[in-house]
Amino acid sequence: MNYKNDLDKLRRINLNEHQLFDLEMIMVGGFSPLKGFLNEADYYSVLDNLRLANGDLWPIPITLDVSRNFDFFVGESVVLCDPYGNPLAVMEIESRYEPNKELEARSVYGMTNQEHPGVWRLMNQANDVYLGGSIHVLRSRSYGDFDELRHTPQELKDIFIDKRWTNVIAFQTRNPMHRAHFELVKNASEHIGAPVLIHPVVGVTSKDDINYITRVQTYKIICEKYGKEFTILSLLPLAMRMAGPREALWHMLIRKNYGATHFIVGRDHAGPGKDSFGNPFYGPNEASDLAEKYADEVGMKVVSSAELMYSKVKKRYVSVEKIQKGEEVESISGTEFRRRLLAGEEIPDWFSFPETIDILRSAINRQSQRGLTIFLTGLSGSGKSTIANALVSKLLERQEKGVTLLDGDVIRSHLTSELGFSKEHRDLNVQRVGFVASEITKHGGIAVCALIAPYAKARAKARELVEQHGDFIEVHVSTPLAVCEERDVKGLYAKARKGLIKGFTGIDDPYEAPENPEFIIDTSNNNPDNSVQEIIEFISNINPAFVTKDTI
């Protein structure tokens, strides 16, 4: 088939953000030896053995998840498009299968704990059917920003050949580079006698990370002014999984594809931080240990990332192992650094570069313009609308951002009046609300949503839409069913009990309570004013710009 001439005959899939970055990495060769999304045999082989079915080393499943409602079949060719419907590639479906998500979580992330963001996304946002098959490229994805820094693997290899670089050290980062990071890569360059590829991820990272535009500005300053003699900067369009050890091995394989010969593996490399008890999800050396285990097979050398601290006596960074007993050192925690940025306080030169600080201060000021969605979910009669209306009034009173109320009953009357109450239509209703909320958030406003939204995956999709542009706070109004029935001013529960209403949430249709909401309120023992105040206090701790200082 001549795909370019026959596209109108094929069905299409508009990819989400994660899928889009995966597709791009497949298309440019960053995921070599992959030629497409994993089929079922490769999927289970990767989970069990960190290898494709043919034995090639590959630790992360690269899968295309679709809704169970889509009846794509093996042997069909489908067009893979960006979110705007622009065709990028054609995939020949070789496999359609239902994944074992619990096994996938345990294998890839080493756990099923949904506090881990990768596990949470897998369980709540990923669809229940995977399609596998090879792809045929139609056209490259375009960005319009930092084009001079976006290289394919072959383009980088050609650059290295032109520069006669036989050895190249790759440095992975998703954070701004401060002096400790710079000293780390400089020491590595001097020790190995090779230049360093600063290769930051500009795809999907942690939702709390600084946006890539700001980060790239800091990398450019460092590479052009401070590391001009031994660094080269290139951007990596990768959707991270935050999978710790397996991800470190994955990152090393990817950098091999881009022409690097050495790879710096950091402490707790690609880890998502700590759980609610303050414990890290992965040990500090788990990632480097796994990378070392497979380094020879990959054909790369692992460069361990020593923990550096600033010595007041030596006036330079030294590894922790070389700090003498009683030697005075200085450090600034991430929390303290952010506090100083927000407060406009001085940040010493030993910690970061003045140009970096200026860029980050400007970013902090821009971040105050970020929007917010507060998503209240709970049973009918739980108190969602009452809290939402009071919350809107208080937010309008106490800050300058525009506030929009998206109430379930009003939405049903206007935006989704043609929808019924099947699961498919309920999910579509929540998806539309999520889209509207994401647009409000994108433009710096505050969206307050109040709707039953009984199904966890639909709420997760709404979160995914919003978090591309700002913060999403899920509020579970957890008022018990018995209390909601007592408040049944519309008589809906009574009708449902008599069988006059079918598919009523809480009676003969399930309500899937949020497992890890940002906030929980039981209005049976709490009046609306207290609930609203608690929510306002909570969101003011996320970003003071959402609420003025005299709120609390």
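Start your tour by selecting Ile-364: this residue is buried, with a relative accessible area of 13%. Here buried means under 20% relative accessible area, exposed means over 50%, and partly exposed is in between (1.4 Å probe, protein chains only). You are looking at a predicted model, in which local features need pLDDT of at least 70, side-chain atom pairs count only at pLDDT 80 or more, and totals for chains, interfaces and linings use all residues. Residues are numbered from 1 along each chain as its sequence is written, and side-chain values use heavy atoms, with hydrogens and water left out.

**Around Ile-364**

Colour helix α11 (residues 354-367) to see where Ile-364 sits. Helices (H or I, at least four residues) and strands (E, at least two) are DSSP runs, numbered from the N terminus. Now show Arg-338, Leu-341 and Leu-342, which Ile-364 contacts once its neighbours within four places in sequence are left aside. Contact means heavy atoms within 4.5 Å. For a long view, draw a line from Ile-364 to Glu-76: their C-alpha atoms are separated by 48 Å, and the two are 288 residues apart along the chain.

**The whole chain**

Zoom out to the full protein chain, which has 18 helices and 20 strands. Its radius of gyration is 25 Å, close to the 24 Å that the globule rule gives for 552 residues, so the chain is as compact as a globular protein of that length. That radius is taken over C-alpha atoms, and the globule rule is 2.2 Å times the number of residues to the power 0.38. Along the principal axes, the C-alpha atoms fill a box of roughly 80 × 65 × 40 Å. Of the 552 residues, 53% are buried. Among contacts with a separation of 6 or more, 72% join residues 24 or more positions apart.

**Helix α4**

Next, select residues 117-124. Helix α4 is largely enclosed by the rest of the structure, because 6 of its 8 residues are buried. Those buried are Gly-118, Val-119, Trp-120, Arg-121, Leu-122 and Asn-124. Which elements cover them? Their cover includes α1 (17-28), α3 (101-109), β7 (129-137) and α15 (456-466).

**His-251 and Glu-286**

Move to helix α8 (residues 245-257) and pick out His-251. Is His-251 buried or exposed? At 0% relative accessibility, His-251 counts as buried. Beyond its neighbours within four places in sequence, His-251 is in contact with Gln-172, Leu-238, Met-240, Phe-263, His-269 and Ala-270.

For a contrast, go to Glu-286 in helix α9 (residues 286-298). Glu-286 counts as partly exposed, at 40% relative accessibility. From Glu-286 to Val-168, the C-alpha distance is 24 Å, with their positions 118 residues apart in sequence.

**The second largest pocket**

Finish by selecting Ser-380, Lys-384, Asp-409, Ile-452 and Lys-490, which lie nearest the centre of the second largest pocket among its 38 lining residues. On a 1 Å grid over the protein atoms alone, a pocket is an open set of points where a 1.4 Å probe fits, with protein on both sides within 12 Å along at least five of seven lines; lining residues have an atom within 4 Å of a point. This pocket has a volume of about 870 Å³, the space filled by probe spheres set on the points, which are joined across faces, edges and corners.

Helices α12 (384-398), α13 (408-414), α14 (423-442), α17 (492-497) and α18 (528-542) each supply at least two lining residues. Helix α12 gives the most, with 4 residues.
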